[in-house]
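Biologist: I would like to learn how to read a model like this one, feature by feature. Could you take me through it slowly, with the general idea before each case?

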Amino acid sequence: MLVIVLSITLFDLAHADDTGSRLSLQLGPRIYHYDPDPEHNNDTWLTGLELESAERWLAGAVSFRNSFHQRSSYIYFGKRWFPDVLPEDVYVKLTGGLLLGYKEPYENKIPLNHRDGIGFGVLPAVGYQFERANVQLVLLGTAGLMVTLGVDLLKLD
């Protein structure tokens with residue numbers, strides 16, 4: 001019985017109106033390019049984890065296949081807001097961090113990238129939180145849009 005209670009406590013799943021810290025799983029199966037090209041990979045299979053503090057500050061890391069089939073990563077920090085001017089569970093999010101993996105001959109496809117595949121990215125998003133789940137529309141600069149799905153795995157406070 002103690003094991004069941006401990007398991008429920010450890011995996012007490014968070015809700016949008018909860019102000020505690022949480023760990024979530026983020027998935028992004030596909031990207032939509034503004035200017036499609038036959039060499040673009042649209043199946044990104046983005047997978048990652050995101051940690052959010054009670055104050056809505058974020059830190060995360062995701063792995064994905066970029067538009068040119070290269071294994072890539074995004075390691076980021078950011079913040080999520082629930083503005084009063086938007087419907088109750090709609091939020092905006094802004095992240096910035098290191099983009100890894102855009103290498104030759106595609107190193108110039110993202111801004112501030114070096115030939116070694118280390119660049120910088122800033123990604124705004126708008127999302128909807130429904131209990132433990134969320135869906136986001138992420139703006140990928142001038143390249144395209146990505147829809148991501150997330151689920152809060154556990155509450156940390």
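Modeller: Let us begin with strand pairing, keeping in mind that this is a predicted model. β1 and β2 are paired in the antiparallel sense, and seven bridges hold that pairing. To follow the register, take L25, whose bridge partner in β2 is L49.

Biologist: Which residue of β8 is the bridge partner of L25?

Modeller: In β8 the bridge partner of L25 is V151, while L49 is its partner in β2. β1 and β8 run antiparallel and are joined by ten bridges, and a further point of that pairing is H33, which has G144 as its bridge partner in β8.

Biologist: How many bridges join β7 and β8, and in what sense do they pair?

Modeller: β7 and β8 pair antiparallel over eight bridges, and within that pairing V138 stands opposite M146 of β8. The two strands form a hairpin with three residues between them, and there G141 takes a positive phi near 60°. As you look along any of these strands, a general rule helps: in a regular strand the side chains alternate between the two faces of the sheet.

Biologist: What pattern does the chain follow when it is read along the sequence?

Modeller: The pattern is α-β-β-β-β-β-β-β-β, that is, one helix and eight strands. Two further values describe the chain as a whole. Of its 157 residues, 40% count as buried, and among contacts with a separation of 6 or more, 49% are between residues 24 or more positions apart. The surface can be read in a similar way, since the chain exposes about 9,300 Å², of which carbon and sulfur atoms supply 66%.

Biologist: Let us turn to the pockets. What is the volume of the largest pocket, and which residues are closest to its centre?

Modeller: The largest pocket has a volume of about 860 Å³. Its lining counts 40 residues, and those closest to the centre are Y102, L123, L140, G141 and A143. You have already met G141, the residue with the positive phi in the hairpin of β7 and β8.

Biologist: Which strands supply the lining of the largest pocket, and which gives the most?

Modeller: At least two lining residues come from each of β1, β2, β3, β4, β5, β6, β7 and β8, and β6 gives the most, with five residues. When you then sort the lining of this pocket by class, you find 21 nonpolar, twelve polar and seven charged residues.

Biologist: How many cavities of 30 Å³ or more does a search of the whole structure find?

Modeller: The search finds one, and the largest cavity has a volume of about 60 Å³. The elements that give two or more residues to its lining are β1, β2, β5 and β7, with β1 giving the most, three residues.

Biologist: Which residues line the largest cavity, and how do they divide by class?

Modeller: The lining is made up of R22, S24, Q26, E50, E52, R80, Y91, K93, Q129, N134, Q136 and D152. By class, one of these residues is nonpolar, five are polar and six are charged. For the lining of the largest pocket, by contrast, the corresponding counts were 21 nonpolar, twelve polar and seven charged.

Biologist: I would also like to look at the backbone in the loops. Which residues have a positive phi although they are not glycine?

Modeller: One is W45, with a positive phi of about 50°, and its place is in the loop between β1 and β2. Another is H69, with a positive phi of about 65°, in the loop between β3 and β4.

Biologist: Is W45 buried or exposed?

Modeller: The relative accessible area of W45 is 59%, so W45 counts as exposed, the cut-off for that class being over 50%. H69 counts as partly exposed because its relative accessibility is 48%.

Biologist: Which peptide bond is cis, and where does its proline lie?

Modeller: The cis bond runs from E104 to P105, with omega near 5°. P105 lies in the loop between β5 and β6.

Definitions and conventions: Residues numbered from 1 in each chain as written. Predicted model: local features only at pLDDT ≥ 70, side-chain atom pairs only at ≥ 80, totals over all residues. Heavy atoms only, no water. 1 Å grid on protein atoms, 1.4 Å probe; cavity = no way out; pocket = protein on both sides within 12 Å on 5 of 7 lines; lining within 4 Å. Points joined across faces, edges and corners; volume = space filled by probe spheres on them. Helix = DSSP H or I, 4+ residues; strand = E, 2+ residues; numbered from the N terminus. Nonpolar A, V, L, I, M, F, W, Y, C, P; charged D, E, K, R; others polar. Pairing = 2+ DSSP bridges. Buried < 20%, exposed > 50% of the residue type's maximum accessible area, 1.4 Å probe, protein only. Contact = heavy atoms within 4.5 Å. Areas by Shrake-Rupley, 256 points an atom, 1.4 Å probe, with all protein chains shown as cover.
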